[in-house]
Amino acid sequence: LEGYNGTVMAYGQTGTGKTYTVGQLGKEDPSERGIMVRALEHILSSMSLETDSVAVSYLQLYLESVQDLLAPEKTNIPIVEDPKTGEVSLPGAAIVEIKDLEHVCQLLQIGETNRHAANTKMNTESSRSHAILIIHLQRSLKIKEETTVSIPSDTEHTLPGDLPLVLKSKLLIVDLAGSERIDKSGSEGHMIEEAKFINLSLSSLGKCINALAENSSHIPTRDSKLTRMLRDSFGGTARTSLVVTIGPSARHHSETSSTVLFGQRAMKVVNTIRLKEEVDYETLYKNVENEVDHLTSEMERQQKLRHREKMQLEKRLKESETFLNDLKMISSVQIENLEKEKHQFEYAVKRLMQELEEKEGRNNVLSEKIVHLETSLNEKKQQQLESFSTTQILAETTKTYEKKMGELLRELEEERSRSASMKGHFNVLEQQLSDARSSAQFQENMARELKRELSKITQTFTSQVHSLEEKISQLVSEKV
């Protein structure tokens, strides 16, 4: 549970209670449960199944062939050793994840059903194979924020805090087949072959224990598949417990003494336990993948938003261009109308000036006539003084001339008032002409202002598009 590998192994003569001690299910009486059931019960009660996982593999070594007890069709499973760490694995074995104790009992019952057993003189149901239950534990934990984990490479890297770590460990519970003598067990036929392979693998195990106890330079672990599978349990990195079973009968004194000697030699073997802690790259990969998916969706959302903003800006630009074109057309029409009005006003002014000049000419003629009449009147008055006889005639003529002179004076006044009104109308026309020119100048200024605003909007839109492209390229690089 703390991250170290472990092994519990039962060794002893046939019929001394190895399977009872290790593999008893205890369905009717829980007090008779073996180490397998008790160990899994303790592990399940000490772990959180939401964050941690427990899985089992149940194998047997029969006639030097590794077979899967949970999947009987898998036979002759290869044994693979990691050249760097020396860890032994069985890549073809079935690994079943468990959730509760009932599931454990079902799996162990399936394994016991598929295991080879036979009736001998020493035991009514003797195990004819070595059974190995492998319990795989994986516990999740978080590294402290101030702690960093170094990964060896060409350059030194440091992983950030809050990195997911896992403790990976395995527990081997081994129920060895019992060593036996053919004459005592009464084995015949095929059972003799089974006993030969059992004794061969147990003798190889004894040789390895002796070599380890004596600190020999060569450990013959490759002499049998059993010693290869238990390579880490003796002289390796696992915490190993050995259960030695013996019989009370004096008839089996030699077997009992050899079993006790095996246990004594095994106690001299020193294991160096090692904590197996590694980064949970699977969880880290899932987290990174989720983050990448989130960033991708966010980037797509940003792209859609930018595209929508781009479409809106293009729409506004088109509307502005349309408005500007309409304004240009309206301005051009208004300018044309103002030009026409200007020409009309100029023509009217010219015509009024001509009429004014004509009136002035007439006034000059009338003034000359008045001067002439006054001169004539003076002459007539002198003539009246000279001749009384013609006085009456001259008086009448004078009245007539005075009447004509009054009429001419009235006409002169009328012409003067008409000339003054024509001048006022001319001033009004000049004011209207200046207003039209200022309106045209205002329309031209407004068109220039709209052009400047359009250029500013175009520049802003171009800069936003460039910034969006840079952000998209940055996001793409971060995603890669």
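1. Surface first. The protein chain exposes about 29700 Å². Carbon and sulfur atoms supply 52% of that area. This is a predicted model, so every value here is computed from predicted coordinates.

2. Overall make-up. The protein chain has nine helices and 14 strands. It has 480 residues, of which 35% count as buried. Take the contacts between residues at least 6 apart in sequence: 72% of them join residues at least 24 apart.

3. The annotated site. The UniProt record, an unreviewed entry, places the feature "binding site" at Gly 12, Gln 13, Thr 14, Gly 15, Thr 16, Gly 17, Lys 18 and Thr 19. The annotation may be inferred rather than shown by experiment. Two of the listed residues, Gln 13 and Thr 16, are taken up below.

4. Gln 13. This residue sits in the loop that runs between strand 1 (6–12) and helix 1 (18–23). Is Gln 13 buried or exposed? Its relative accessibility is 3%, so Gln 13 counts as buried. The cut-off for buried is under 20%.

5. Thr 16, location. Thr 16 also lies in the loop between strand 1 and helix 1. Its relative accessibility is 17%, and Thr 16 therefore counts as buried.

6. Thr 16, contacts. Which residues does Thr 16 touch, leaving aside its neighbours within four places in sequence? They are Thr 245, Ile 246 and Gly 247. With Thr 245 the link is polar: the two side chains are joined by a polar contact of 2.7 Å. The side chain of Thr 16 also reaches back to Gln 13, meeting its backbone oxygen at 2.6 Å.

7. The 244–246 stretch. Val 244 belongs to strand 13, which covers residues 239–245. Val 244 is partly exposed, because its relative accessible area is 35%. It forms a nonpolar surface patch with Ile 246 and Val 260. Together the three have about 210 Å² of accessible area. Ile 246 thus appears twice in this note: in that patch, and among the contacts of Thr 16.

8. A turn to check by eye. Where is Leu 63? It is in the loop between strand 2 (53–62) and strand 3 (65–68). Leu 63 is not a glycine, yet it has a positive phi of about 55 degrees. With a relative accessible area of 30%, Leu 63 is partly exposed.

9. Its neighbour. Glu 64 is found in the loop between strand 2 and strand 3. Glu 64 has a positive phi too, of about 60 degrees, and is not a glycine either.

Notes. Residues are numbered from 1 along each chain as its sequence is written. This is a predicted model: local features need pLDDT of at least 70, side-chain atom pairs count only at pLDDT 80 or more; totals for chains, interfaces and linings use all residues. Side-chain values use heavy atoms; hydrogens and water are left out. Helices (H or I, at least four residues) and strands (E, at least two) are DSSP runs, numbered from the N terminus. Buried means under 20% relative accessible area, exposed over 50%, partly exposed in between (1.4 Å probe, protein chains only). Contact means heavy atoms within 4.5 Å. A polar contact is a pair of N or O atoms within 3.5 Å; within protein, one must be able to donate a hydrogen and the other to accept it, and residues adjacent in sequence count only if both atoms are side-chain atoms. Patches are made of residues with over 30% relative accessible area and no salt bridge: like charges are joined within 9 Å, nonpolar side chains (Val, Leu, Ile, Met, Phe, Trp, Tyr) within 5 Å. Accessible areas come from the Shrake-Rupley method with a 1.4 Å probe; for residues, only the protein chains shown count as cover. A salt bridge is a side-chain nitrogen of Lys or Arg within 4 Å of a carboxyl oxygen of Asp or Glu.
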